[in-house]
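Visitor: I'd like a close look at one part of this model rather than a quick tour of everything. Could you choose a spot and take me through it step by step?

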Amino acid sequence: MATPDESPAAKRWLPLEANPDVMNQFLWGLGLPESEAECCDVYGLDDELLEMVPQPVLAVLFLYPITSQTEEERLQQDNEKRDVSSEVYFMKQTVGNACGTIGLLHSVGNITSEIKLQEVSFLDRFFKSTATMDPLERAAFLEKDGEMEVAHTVAATAGDTEASDDVDTHFICFTCVDAL
């Protein structure tokens with residue numbers, strides 16, 4: 001997927017498969033303890049299907065198809081000035097096809113008050129290093145991070161689907177931050 005900040009020469013990664021097993025191994029390998037959180041599929045929004053989702057739900061990663069309408073809306077939103085609460089962990093996406101990893105980072109980054117990361121793990125170091133950065137600085141930090149790029153590549157090639165950088169889907173993350 002081309003990102004709003006991506007130039008033709010920008011870095012591109014292979015996309016992550018929408019597979020909770022792959023995402024769990026990825027996150028656990030980066031320092032999210034298995035006992036703290038895990039990814040699972042949501043099969044539908046009917047009450048019976050939602051009852052299958054382990055509780056509490058701390059974040060939702062949503063994969064949707066990119067259409068001309070979604071691209072038009074994204075461009076319109078990019079042109080609007082939006083203030084992001086300092087309580088929200090957010091970064092821009094500047095690496096092509098990194099939306100799955102960024103969605104997972106948004107998920108974990110916004111629930112650090114609910115979970116405990118392994119001390120000195122990649123995720124622990126990453127969130128401590130980027131805590132005071134703005135969204136573009138965080139994006140630049142991620143783009144230069146070789147350890148994350150390698151971990152992402154391993155995860156992107158671990159799924160059941162043949163890895164290809166030609167995708168027309170996009171991950172976004174929903175988390176509840178500072179809700180009353």
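Guide: Let's look at helices H4 and H5, the loop between them, and what lies around them.

A word on ground rules: this is a predicted model, in which local features need pLDDT of at least 70 and side-chain atom pairs pLDDT 80 or more, while totals for chains, interfaces and linings use all residues. Numbering starts at 1 along each chain as its sequence is written, and side-chain values use heavy atoms, without hydrogens or water.

Start with H4, which spans 99-109 (helices are DSSP runs of H or I with at least four residues, strands are E runs with at least two, both numbered from the N terminus). H4 is mostly covered, with 11 of its 11 residues buried (buried is under 20% relative accessible area, exposed over 50%, partly exposed in between, with a 1.4 Å probe and protein chains only). Among them are Cys99, Ile102, Leu105, His106 and Val108. What do the buried residues of H4 pack against? Their partners are H1, strand S1 (59-65), H5, H6, H7 and strand S2 (169-175).

Just ahead, in the loop between helix H3 (68-79) and H4, sits Asn97. Asn97 is buried at a relative accessible area of 1%, and its phi is positive, about 65 degrees, although it is not a glycine. Most residues other than glycine have a negative phi. Asn97 is also one of the residues touched by Leu14 (a contact has heavy atoms within 4.5 Å). Leu14 itself belongs to the segment before helix H1 (20-30) and is partly exposed, with 28% relative accessibility.

On the other side of H4, the loop leading to helix H5 (122-130) holds Asn110. Asn110 is buried too, at 10%. A polar atom of its side chain lies 2.8 Å from the backbone oxygen of His106 (polar contacts are N or O pairs within 3.5 Å; within protein, one atom must be able to donate a hydrogen and the other to accept it, and residues adjacent in sequence count only if both atoms are side-chain atoms). Leaving aside residues up to four places away in sequence, Asn110 touches Glu87, Val88, Tyr89, Thr175 and Val177.

Further along the H4–H5 loop comes Val120. Val120 has a positive phi near 65 degrees, and with a relative accessible area of 59% Val120 is exposed.

Now to the helix pair itself. The axes of H4 and H5 come within 11 Å and cross at roughly 80 degrees (axes are lines fitted to C-alpha atoms, for helices over the stretch in contact, with angles from 0 to 180 degrees between N-to-C directions). That makes the two helices roughly perpendicular, a label for angles of 65 to 115 degrees. From H4, Leu105, Val108 and Gly109 meet Leu123, Phe126 and Phe127 of H5. By class, this contact has 5 nonpolar, 1 polar and no charged residues; Leu, Val and Phe count as nonpolar and Gly as polar.

In H5, the buried residues are Phe122, Leu123, Asp124, Phe126, Phe127 and Thr130. They pack against H1, H4, helix H6 (135-144) and helix H7 (146-156).

Some of those phenylalanines have a second role to look at: Phe122, Phe126 and Phe127 form one aromatic cluster with Tyr89 and Phe141 (rings pair when their centres lie within 6.5 Å). Tyr89 is also one of the residues that Asn110 touches.

Key. Rings of Phe, Tyr and Trp (its six-membered ring) pair if their centres lie within 6.5 Å; planes under 30 degrees apart count as stacked, over 60 as edge-to-face and the rest as tilted. Angles under 35 degrees count as roughly parallel, over 145 as roughly antiparallel, 65 to 115 as roughly perpendicular and the rest as oblique.
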